[in-house]
Amino acid sequence: MTDLSRRGLLKTAAALAGAGLLVGCAPGASRKTTDLSYWHLLTGGDGTVMAGLVDAVNGANLGFHTTQTVLAWGPPYYTKLAMASAGGRAPDVAIMHASRIAGYAPGGLLEPWDLDLLAEVGLHESDFPARVWEKCQYDGKLYAIALDTHPFVLYYNTDHASKAGVTDALRSMKSPEEFTEVATKLQKVTGKHGLSYGYLGDGSQMWRLFYTLYRQTGADMKLVPGQQAQVDKDAAVKTLTFIQSLLNDTIASRSGDGGTATSEFLHGESGMFFGGVWELPVLKDAKLPVDALPIPTLFGTQAAYADSHTFVLPRQSKVSPERRKHVYTMVAEILKRSVQWAGGGHIPAYQPVARSAEYQALKPQSNYAGIPAYVNYDPDAWFTGAGSDFQNYFAENVQNVFLGSGDPAAGFDGFVARLNKLLDRPQPV
């Protein structure tokens, strides 16, 4: 690789970091092995499960041993991964959110997967949901293999729902008015709130709910460099107005943060809870009478916000064909064991597992297993994605709307203006 092209890749990584884009060991095998390096940002319960999966694959004595390196979620992880790729000293395989691919693949920081080699290890396009597979592509090439889909969902307390007489209604709500009615009935049972939703100071939480409901109106959002953001302001105002109506200190707290909302739901002080599927282990460990569903379709179009953990091949200056084949095997073996990953709430992307009796028996996980068919990721752009500043820009402009003191139209206009400034910049690739 020439010094000029290396400097270009380093410049790309630095530009992404400056934009806020670069932002949640097993014993060896007995025979001669190839050592593979694997970076990820999975901690807590997810980290424990992933370590178990890696141990299981290492224990199968397939000719390689995978060593994990766990880095802090957010900027530390994505910054280090980008710089390692730019320098050609990246790990053999890494985890990346699907929403980040559009910021990494164009600059040469990732290598595409070889479909023929995938077929040799038993992985095919038909093994993955169409929308998830599509998100893993850029410019006609496959840059990621999805491990899961992890959406934003609706949890509810089954005891409270029964007392309020809304168990059936929770599964059949089709309008904002019906949702408000159910939440009001639950509030009368709990005596505090009908719904727990923590968002204060958390742009990700604000965006997850907004984008779910915005897409339910049938509206789209496209971010094309050099062009103005393509949005539907009327749909955005309708969505924000509805969210604002829920945060009235009766249905839900006007100023709740993530910890407050979770604690409130865990203590039975609300009947419903908006949260990610990754919240499920905490709720189940608390022995809470809980069930979960996709967020009801309140505005006519089935839609849900989600992201996916994916396996990517960071760019390396020298690639060993033997090591690369072992990486394909390692990923395939983890996917084939991913029912264990589903225990943490995630929906397996590998469809033979998602359709298996073992996964279908998991409750409430299998209740929302259909979401990948209508999943919505962040709009593609070099500045969007999990852990980027994109969702913070949303919070900067709409948090006052959520708090009840801001105008929905003005808040959304401010967000769009911020997007247009970013779109006017040259893409750092």
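Which backbone nitrogen does the side chain of Asn157 reach? In this predicted model, the side chain of Asn157 comes to 3.0 Å from the backbone nitrogen of Asp159. Asn157 itself belongs to strand 8, which covers residues 148-157. With a relative accessible area of 3%, Asn157 is buried, because that value falls under the 20% cut-off. Beyond the residues up to four places away in sequence, Asn157 touches Phe265, Ser270, Gly271, Leu288 and Pro289.

Attention can now turn to the nonpolar interior. In soluble globular proteins, nonpolar side chains tend to be buried together. Here, the largest nonpolar core contains 79 residues, and Trp113, Tyr155 and Phe311 have the most contacts inside it. Helix 14 (residues 321-336) is the element that gives the most to this core, contributing seven residues. Phe311 has a long list of partners once its neighbours within four places in sequence are set aside; among them are Tyr38, Val93, Ile95, Trp113, Tyr143, Ile145 and Leu147, as well as Val331, Ile334 and Leu335. A second core, separate from this one, is made up of 58 residues, including Leu154, Leu213, Tyr214 and Ile295.

Helix 3 offers a simple check on geometry. Its twelve residues (residues 75-86) should span 16 Å at 1.5 Å a residue, and the end C-alpha atoms are indeed 16 Å apart, so the two values agree. Buried positions in helix 3 are Tyr77, Tyr78, Leu81, Ala82, Ala84, Ser85 and Ala86. After helix 3 comes Gly88, which has a positive phi, near 75°.

Key: Residues are numbered from 1 along each chain as its sequence is written. This is a predicted model: local features need pLDDT of at least 70, side-chain atom pairs count only at pLDDT 80 or more; totals for chains, interfaces and linings use all residues. Side-chain values use heavy atoms; hydrogens and water are left out. Helices (H or I, at least four residues) and strands (E, at least two) are DSSP runs, numbered from the N terminus. Buried means under 20% relative accessible area, exposed over 50%, partly exposed in between (1.4 Å probe, protein chains only). A polar contact is a pair of N or O atoms within 3.5 Å; within protein, one must be able to donate a hydrogen and the other to accept it, and residues adjacent in sequence count only if both atoms are side-chain atoms. Contact means heavy atoms within 4.5 Å. A nonpolar core is a set of buried Ala, Val, Leu, Ile, Met, Phe, Trp, Tyr and Cys residues joined through side-chain atoms within 4.5 Å. The expected span of a helix is 1.5 Å times one less than its number of residues.
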